[in-house]
Amino acid sequence: MSFNWTSFVIQILAFGILYLLLSKYAFGPLFGIMEKRRQLVKEQIDNAEKSRTEAERFLEEQKQSLQQARKEAYDIIEQAKSTGSKQADEIVAAARNESTRLKEDAVRDIESEKNKAIASLKAEVGGLSVQIASKILEKQVDEQAQSQLVDEYLKDVGNKS
């Protein structure tokens, strides 16, 4: 095999010309397209990272909001229990006070009616005593007649009431 220098030089020159033409018309646009593609992929990766970070932040906010809502619900339930308990205590205390007041009113009413009855009875007994005394004075009677007179009087009193 022999080495042909002319053919070698022509091939090197053809390769150089082809390389210059390719670099001017093919490699530039091809590398430009590849660079655009690289930038697009980089942007998509950056956007995906931003979206992931934002989703994590949003998830954390949602967790905090849910925890806050649970705390508020618990506080509301506790407040309702406390208010219900206080109201129940107030109702029981009011009922006790009312029953005590009603009892005291009833005792006063009974005492008043008792005093009225005693006063009425005293007035009636006083009047009856005067009537008995006057009947006794009208006629002097012995012990048996006096007993009979008292029995009649008691029958009259029993019929009146």
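Biologist: What percentage of the 161 residues in the protein is buried?

Modeller: This is a predicted model, in which local features need pLDDT of at least 70 and side-chain atom pairs count only at pLDDT 80 or more, while totals for chains, interfaces and linings use all residues. Residues are numbered from 1 along each chain as its sequence is written, and side-chain values use heavy atoms, with hydrogens and water left out. Taking buried as under 20% relative accessible area, exposed as over 50% and partly exposed as in between (1.4 Å probe, protein chains only), the buried share is 2%.

Biologist: How many helices does the secondary structure of the protein have?

Modeller: Helices (H or I, at least four residues) and strands (E, at least two) are taken as DSSP runs, numbered from the N terminus. The protein has zero strands, and its helices number two.

Biologist: Which residue forms a salt bridge with Lys71?

Modeller: A salt bridge requires a side-chain nitrogen of Lys or Arg within 4 Å of a carboxyl oxygen of Asp or Glu. Lys71 is partly exposed, at 48% relative accessible area, and its partner lies four residues away in helix H1, about one turn of the helix. With the closest N and O atoms 3.2 Å apart, that partner is Asp75.

Biologist: Which residues are joined with Glu98 into one network by salt bridges that share partners?

Modeller: Glu98 and Arg101 lie three residues apart in helix H1, and their side chains meet in a salt bridge at 2.4 Å, N to O. Arg101 is partly exposed, with 38% relative accessible area. Through shared partners, the network joins Glu98 with Arg101, Asp105 and Arg108.
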